[in-house]
Amino acid sequence: MLINKRKIEFYHNDNALTDIWKNSDVSNYFPSSIWYYLTYENPNNNEKSLAKLLVDKWMLFVQISSEKKKSTNKTVEVYFGKGGQYRADDLQNRADMLDQTEAFVTLMKQDLKILAYEIEKLYFK
């Protein structure tokens, strides 16, 4: 098996992962309704928001290390900043994180479709 350790420069001025990572109050990349869905925390049952669960999942699967090493901080700056030098596996990891974020938004869309169906069934039939 060949291992490619070559790095390439890849910059992304628009980075939706930044808002997830920073857990911002207001998102620069997501519409407000989706951002509310991703960041809502129910104070009554101490559940984490979906955005925090995503970050926890990234750390659990070691997509992002929870350690405070200098090399880890560089990786965090590249993933959640404006970009920089990526290896092939780093780009794949970034794509995986974007896919996981997309999956959460897709779940929201499915929940809304179910809600719309139930409302229609209840009030319009």
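A residue is counted as buried when its relative accessible area is under 20%. In this predicted model, Arg94 has a relative accessible area of 7% and is therefore classed as buried. Arg94 belongs to helix H5, which spans residues 88-123. Leaving aside residues up to four places away in sequence, Arg94 is in contact with Phe10, His12, Asn15, Leu17, Tyr79 and Tyr86. Ser32, by contrast, is separated from Arg94 by 62 residues in sequence and by 23 Å in space, taken from C-alpha to C-alpha.

Burial was also examined in helix H3, which covers residues 50-60. The buried residues of this helix are Ala51, Leu54, Val55 and Trp58. Viewed down the axis of H3, these buried residues fall within an arc of 95°, and they therefore line one face of the helix.

Two residues other than glycine adopt a positive phi, and each is treated here with its setting. Val62 follows just after H3 and has a positive phi of about 55°. This residue is placed in the loop between H3 and H4. With a relative accessibility of 61%, Val62 counts as exposed, the cut-off for that class being over 50%. Asn46, likewise not a glycine, shows a positive phi of about 55°. Asn46 is found in the loop that runs between helix H2 (32-39) and helix H3 (50-60). The relative accessible area of Asn46 is 72%, and this residue is therefore also exposed.

The surface was further analysed for pockets. The largest pocket has a volume of about 280 Å³. Its lining consists of 12 residues, and those nearest the centre of the pocket are Lys7, Lys74, Thr75, Val78 and Gln85. Helix H4 (70-80) and strand S2 (83-86) each contribute at least two residues to this lining. The greatest share comes from H4, which supplies 6 residues. Sorted by class, the lining of the largest pocket comprises 5 charged, 4 polar and 3 nonpolar residues.

Methods. Residues numbered from 1 in each chain as written. Predicted model: local features only at pLDDT ≥ 70, side-chain atom pairs only at ≥ 80, totals over all residues. Heavy atoms only, no water. 1 Å grid on protein atoms, 1.4 Å probe; cavity = no way out; pocket = protein on both sides within 12 Å on 5 of 7 lines; lining within 4 Å. Points joined across faces, edges and corners; volume = space filled by probe spheres on them. Helix = DSSP H or I, 4+ residues; strand = E, 2+ residues; numbered from the N terminus. Nonpolar A, V, L, I, M, F, W, Y, C, P; charged D, E, K, R; others polar. Buried < 20%, exposed > 50% of the residue type's maximum accessible area, 1.4 Å probe, protein only. Contact = heavy atoms within 4.5 Å. Arc of directions from axis to C-beta.
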